[in-house]
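Biologist: I am new to this structure and would love a close look at a single part of it. Could you take me through the second largest pocket and what surrounds it?

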Amino acid sequence: MANKLNHHNETTVLVWTNAVAVSLGLIICGLMLLFLKINPLNVFGQALKTIFTDAYTGAEVFLKATPLIFTALSFAFTYKASLYNIGAQGQFYAGAIASIALSLQLEGKVSTFTLLLLSLLAALLAGGLIGGLIGFLKARFQANEFLVSMMSTYAVIAFMNYLLRTALKENKGEYPQTDALGRAAWIPSFIPGTRLHYGFILAILTAIGIWVLLNKTPFGFRVRSVGYNQRATELAGIKAPAIFIMTFFISGALSGMAGFTEINGVQHMLIQDFNPFIGAAGLGIAILANANPIAIIFASILFGALSVIGMLMGRMPGINVPASFVPLMQGTVMAFVIGANFFRIKLHIKREKMRKAEELK
């Protein structure tokens, strides 16, 4: 009974602190608009009205949320094992590289379904191998996975830039980008007149699958056990090093899937430095959702809405909202969300100290 009450209290604190964090972030953004002599209530109101009344714009919210679901799941999965994958951006690019390279090779030679399936598997494997290498270094040499995963992003970006100037460079040879994919290599949209493709459905199913994997399978139990107490799980016969490698492989594969959905679903080519903040956004979303795969879906949709709102603001006639306001708005909200997480950690430590003090009396 006491455990259920504590869980209920923690959930209540999580919901309220995150609600306050998001609200404060939006209020600060509103004040920034006031400094630009722009009425925040007016522009936010117009943007929300457009989202709810225009099917194309409304679908863009879910389109923007699709890769965020994958990168947030990527961080959340390792977090369950008390590991930190900060390299989702690099794994995202690895998936994008594998997807575009295979799609360009197979285009016109196989059916669309076969091409998309093979490209998805290639992206998944590419991101997974980067993640698996990080997990191996952690397991074999006790390397700091935070630093290794972060530095791996720079290595993948350098490799991508090299390919965009050599093997993958467009036939015209003018820009550091690949040739565009034909429609036969695109992920089909499922709402006519919009860009919302089946990658969003894949993201939802993946989030549900990760929840099942973590909460309803023996492997998920081992991952969570390592996260709770690595030493105790090793004494129980669970090999933590193997869990490190598998957890990071799955985490990297999730980010690689995000690369596939962006290349074959949205960009249809690989461009240098596209979506440079997708990994950082996923981290913030995972924190907002408390690493819960189902909650990540809704948190990603929220951030997708913020992105679309910012885009709409920049297009409003007679209102000079700078293009930099979109990442600024998302970053401000994310900063408050991280602050809320810090507050919850401090509150949890304080409660644990009080509980132990009561037990000693």
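Modeller: Happily! In this predicted model, 23 residues line the second largest pocket, and those nearest its centre are Lys64, Asn275, Ile278, Ser307 and Gln330. Helices α3, α10 (240-267), α11 (278-288), α12 and α13 each give two or more residues to this lining. The biggest contributor is α13, with 5 residues. By kind, the lining of the second largest pocket holds 14 nonpolar, 6 polar and 3 charged residues. The pocket's volume is about 640 Å³.

Let us stay for a moment with one of those helices, α3. Helix α3 covers residues 55-79, 25 residues in total. From the first C-alpha of α3 to the last is 36 Å, close to the 36 Å expected at 1.5 Å a residue. Even so, α3 has a bend of about 30° at Thr66, with a proline, Pro67, following within four residues. How much of α3 is buried? Of its 25 residues, 20 are buried, so α3 is largely enclosed by the rest of the structure. Buried here stands for under 20% relative accessible area.

It helps to set this pocket beside the largest one, which has a volume of about 1400 Å³. The largest pocket is lined by 32 residues, and Glu10, Tyr79, Tyr228, Asn290 and His348 are the closest to its centre. Helices α1, α7, α8 (218-228), α12 (293-315) and α13 (325-360) each supply at least two residues to the lining of the largest pocket. Here α13 again provides the largest share, 9 residues. The lining of the largest pocket divides into 14 nonpolar, 11 polar and 7 charged residues. So when you look at α12 and α13, keep both pockets in view, because each of these helices gives two or more residues to the second largest pocket under the helix boundaries used here, and at least two to the largest pocket.

How confident is the prediction for this chain? The mean pLDDT of the chain is 92, and 97% of its residues reach 70 or more. Confidence is highest in helix α7 (residues 199-216), at a mean of 98, and lowest in helix α1 (residues 2-35), at 81. Both α7 and α1 are among the helices that supply lining residues to the largest pocket. As a general reminder, where pLDDT is low, predicted coordinates should not be read in detail.

Terms used:
Residues numbered from 1 in each chain as written. Predicted model: local features only at pLDDT ≥ 70, side-chain atom pairs only at ≥ 80, totals over all residues. Heavy atoms only, no water. pLDDT = per-residue confidence, 0-100. Expected span 1.5 Å × (residues − 1). Bend = angle between axes of the 7 residues up to and from the residue. Buried < 20%, exposed > 50% of the residue type's maximum accessible area, 1.4 Å probe, protein only. 1 Å grid on protein atoms, 1.4 Å probe; cavity = no way out; pocket = protein on both sides within 12 Å on 5 of 7 lines; lining within 4 Å. Points joined across faces, edges and corners; volume = space filled by probe spheres on them. Nonpolar A, V, L, I, M, F, W, Y, C, P; charged D, E, K, R; others polar.
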